[in-house]
Amino acid sequence: MNYAKPIRILHSLLALCMLTQIAVGELMDVPEVEDGPATAGIHWIMPAFAHGGELHAIPGTPVVETLGFEVHEFLGLFIAGLLLIRIMLAMTSLPGANWRELVPWVFADGRKQLGREIKAQMAGWKQAKLAPPEDGEAVARCVHGFILLAGIGMGITGTLLFFGWSQTAPQTAIIELIAETHELLVGGLEALLAAHILAVILHQRQGHNIIARIKPGGQ
Ligand code: HEM
């Protein structure tokens, strides 16, 4: 199976934007008005992470928006748009596009196929050997599905934060909860992307040439 052209173009755009977005998100300063001095004590523990270097302000005065935060906001909205296009393509039958292939665990025969692949390939995985795509791609497609689902979750929580984040007052409880979900999801997304990129490297080293299936200029 080769991916349809629009999927390939979207993959390049998503890969570039999402990796940049994760880096910006981890490094930026979040403009936030502190509730009180209670959290100040933990700042020295995680200075490199988002929220680690909040800008302080006198309550009632807007905090300064950093360039990193602004880039994060607008790149985030752009990625949400790209994901919307991917969702629309998932409704088509273009090669490699349909949503059913991304969530094989939803269907009985997909679950059976997953079970078969895991059973047949587990021994190889333990030795960092991956089977060629011809031997079944349900597990790989599952990972792709979870990447997209996590991305969609980031997009939804991020969009809510875009409209709900206050730069003049402490965040409401609901916005705090959405922000925590946003951060929890990014942890999962990072783990999935690490697995995805590691799998690509291993496949390439074993000569499966899967990059040719997804690169925009390939056949
Ligand atoms: C350097 C980074 C990356 C490389 C080298 C890479 C490479 C690949 C390759 C070779 C495939 C085809 C797998 C197959 O043969 O079935 C693929 C598919 C896929 N990748 Fe990546 N990828 C990268 C980053 C990302 C990122 C950041 C995302 C996050 C959105 C992502 C999401 C996907 C998805 C969802 C698919 C399946 C195609 C689709 O359904 O849209 N990849 N990737």
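**Exercise 1.** Identify which helices of this predicted model each supply at least two residues of the lining of the largest pocket, and state which of them gives the largest share.

*Solution.* Step 1: the helices that meet this criterion are helix 1, helix 4 (108-126), helix 5, helix 6 and helix 7. Step 2: helix 6 provides the largest share of the lining, with nine residues.

**Exercise 2.** Describe the largest pocket by its space, its central residues and the classes of its lining.

*Solution.* Step 1: the largest pocket holds about 1200 Å³ of space. Step 2: 40 residues line this pocket, and A140, H144, H196, V200 and I210 are the closest to its centre. Step 3: sorted by class, the lining comprises 28 nonpolar, seven polar and five charged residues.

**Exercise 3.** Locate the ligand and characterise the shell around it.

*Solution.* Step 1: the largest pocket is where the ligand sits. Step 2: the ligand is surrounded by 21 residues, the closest being Y3, H11, R86, H196 and R213. Step 3: at least two shell residues come from each of helix 1 (5-27), helix 5 (138-164), helix 6 (173-205) and helix 7 (211-214). Step 4: helix 1 contributes the largest share of the shell, six residues. Step 5: the shell consists of 15 nonpolar, three polar and three charged residues.

**Exercise 4.** Determine which ligand atoms pair with side-chain atoms of Y3, H11 and R86, and at what distances.

*Solution.* Step 1: a side-chain N or O atom of Y3 is 2.6 Å from an oxygen atom of the ligand. Step 2: for H11, a polar side-chain atom lies 2.8 Å from a ligand nitrogen atom. Step 3: a side-chain N or O atom of R86 is 2.8 Å from an oxygen atom of the ligand. Step 4: these distances satisfy the polar-contact cut-off, within 3.5 Å.

Definitions and conventions. Residues numbered from 1 in each chain as written. Predicted model: local features only at pLDDT ≥ 70, side-chain atom pairs only at ≥ 80, totals over all residues. Heavy atoms only, no water. Near = heavy atom within 4 Å. Polar contact = N/O pair within 3.5 Å; in protein donor to acceptor, adjacent residues only side chain to side chain. 1 Å grid on protein atoms, 1.4 Å probe; cavity = no way out; pocket = protein on both sides within 12 Å on 5 of 7 lines; lining within 4 Å. Sits in = over half its atoms within 2 Å of the grid points. Helix = DSSP H or I, 4+ residues; strand = E, 2+ residues; numbered from the N terminus. Nonpolar A, V, L, I, M, F, W, Y, C, P; charged D, E, K, R; others polar. Points joined across faces, edges and corners; volume = space filled by probe spheres on them.
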